[in-house]
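Subject: Handover of a structure, with notes on its cavities and selected residues

Dear colleague,

I am passing on the structure below, together with an account of what was found in it. Please read the notes with the coordinates open beside them.

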Amino acid sequence: MSTKSVIAGIDKAVHNFVKHNRMLNEPLTKGRAHTFVMQHRLNTRQRNSVLKLRVATNTPEWDVKIDILEACVEELVSDAEHGDGRPHWKVLEDLGVDCGMKRAQIKSAKPLPSTRMCWRAWDGLMSNRHWLLGLMGNTCAERANVPGYGSGELKKKGWFGLENRRWGEMFNLSPEQRLFFGMHSEADIVHSDLGWKTVAQHASKLRMEDEVIDACEENLIVWNHYLNGIAEAGDVLDKKMGWRKKVG
């Protein structure tokens, strides 16, 4: 199988994920937005301080190892290239405050049972596996933020391009306040292009083409459960608070 065929296989997996996931295809609500802030702040810190570092440890290719570590620094410590110097989790936390949440509420949030389950699943997919399969776990969901998958506005803008508009309408946010979505739309193109091309090239060399495509599909199954868990918890919060506004 050629590099081109590998890319076609993993692109198909991302397209199917983008086409069917609830958070990407159903209207945004206030409850889903607030739940996303609380859960994804935790998830960003967990994935970049634990899971992605394990992938970097297993990676024998020095340039790839450094690229993974640099991406983790942007997420955890500071992103001056795509953002304003804040780490991504802090930009998301500040976004939540701009959306009317209390900072203490965000900081004290606990992972949902679905989030905890997904962390365990990713641990199995990214730790103690061949580095190429772990790298797929690093990059496959970021690919959904890149234009070209799904249909309509999702295909044109990517998921976070869509959310950039929807969160602005839901909470009357300025472009500066929506930095989280803007910086990820740009950063994820860089990060996922790195992973996509690297995985495809090495998969052909190592004759791991089918394994890589399977790893992409498995990781996206986990992402689907993670985001659907946020959607379900967000719907419960909407009902509890009596929030009815939706943005499609």
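Is Asn172 buried or exposed? With a relative accessible area of 68%, Asn172 is exposed, since anything over 50% falls in that class. Please keep in mind throughout that this is a predicted model.

Asn172 is placed in the loop between α10 and α11, and its phi is near 55°, a positive value in a residue other than glycine. Arg207 can be read alongside Asn172, as its phi is near 60°, again a positive value in a residue other than glycine. The loop that holds Arg207 is the one between α11 and α12, and Arg207 counts as exposed at 74% relative accessibility. As background to these two entries, most residues other than glycine have a negative phi.

Overall fold

The protein is built from 12 helices and 2 strands, and their order along the sequence follows the pattern α-α-β-α-α-α-α-α-α-α-α-α-α-β. Its radius of gyration is 17 Å, close to the 18 Å that the globule rule gives for 248 residues, so the protein is as compact as a globular protein of that length. If you need the extents for setting up a box, the C-alpha atoms fill roughly 55 × 35 × 30 Å when taken along the principal axes.

Of the 248 residues, 54% count as buried, and the accessible surface of the protein comes to about 11300 Å², with 52% of that surface belonging to carbon and sulfur atoms. Among the contacts with a separation of 6 or more, 78% are accounted for by residues 24 or more positions apart.

Cavities

How many cavities of 30 Å³ or more does the count give? The count comes to 2, and the largest of them holds about 260 Å³ of space. The lining of this largest cavity is made up of 20 residues, of which His40, Ala141, Glu142, Asn145 and Trp223 are the closest to its centre. The elements that give two or more residues to this lining are α3 (30–58), α8 (131–139), α10 (159–171), α11 (179–206) and α12 (209–241), and α3 gives the most, with 6 residues. Sorted by class, the lining of the largest cavity has 7 nonpolar, 8 polar and 5 charged residues.

The second largest cavity holds about 30 Å³ of space, and its lining consists of Met23, Leu28, Arg32, Ala33, Phe36, Trp159, Glu163, Trp167 and Phe181. At least two residues of that lining are supplied by each of α3 and α10. By class, the lining of the second largest cavity has 7 nonpolar and 2 charged residues, with no polar residue.

Helix α8 and its surroundings

Helix α8, which was listed above among the elements that line the largest cavity, is mostly covered, as 9 of its 9 residues are buried. The buried residues in α8 are Trp131, Leu132, Leu133, Gly134, Leu135, Met136, Gly137, Asn138 and Thr139.

Which residues does Glu61 touch, leaving out those up to four places away in sequence? Under that condition, Glu61 touches Trp131 and His202. The C-alpha atoms of Glu61 and Trp131 are separated by 9.4 Å, although the two residues stand 70 residues apart along the chain. Glu61 itself is found in the loop between α3 and α4 (62–76), and with a relative accessible area of 35% it is partly exposed, because that value falls between the 20% and 50% limits.

Trp89

Trp89 lies in helix α5 (residues 88–98), and it counts as buried because its relative accessibility of 18% is under the 20% cut-off. When residues up to four places away in sequence are not counted, Trp89 touches Arg41, Thr44, Arg45, Glu75 and Leu76. For a pair further along the chain, the C-alpha atoms of Trp89 and Lys246, which are 157 residues apart in sequence, are separated by 25 Å.

With kind regards

Methods
Residues numbered from 1 in each chain as written. Predicted model: local features only at pLDDT ≥ 70, side-chain atom pairs only at ≥ 80, totals over all residues. Heavy atoms only, no water. 1 Å grid on protein atoms, 1.4 Å probe; cavity = no way out; pocket = protein on both sides within 12 Å on 5 of 7 lines; lining within 4 Å. Points joined across faces, edges and corners; volume = space filled by probe spheres on them. Helix = DSSP H or I, 4+ residues; strand = E, 2+ residues; numbered from the N terminus. Nonpolar A, V, L, I, M, F, W, Y, C, P; charged D, E, K, R; others polar. Rg over C-alpha atoms; globule rule 2.2 N^0.38 Å. Buried < 20%, exposed > 50% of the residue type's maximum accessible area, 1.4 Å probe, protein only. Contact = heavy atoms within 4.5 Å. Areas by Shrake-Rupley, 256 points an atom, 1.4 Å probe, with all protein chains shown as cover.
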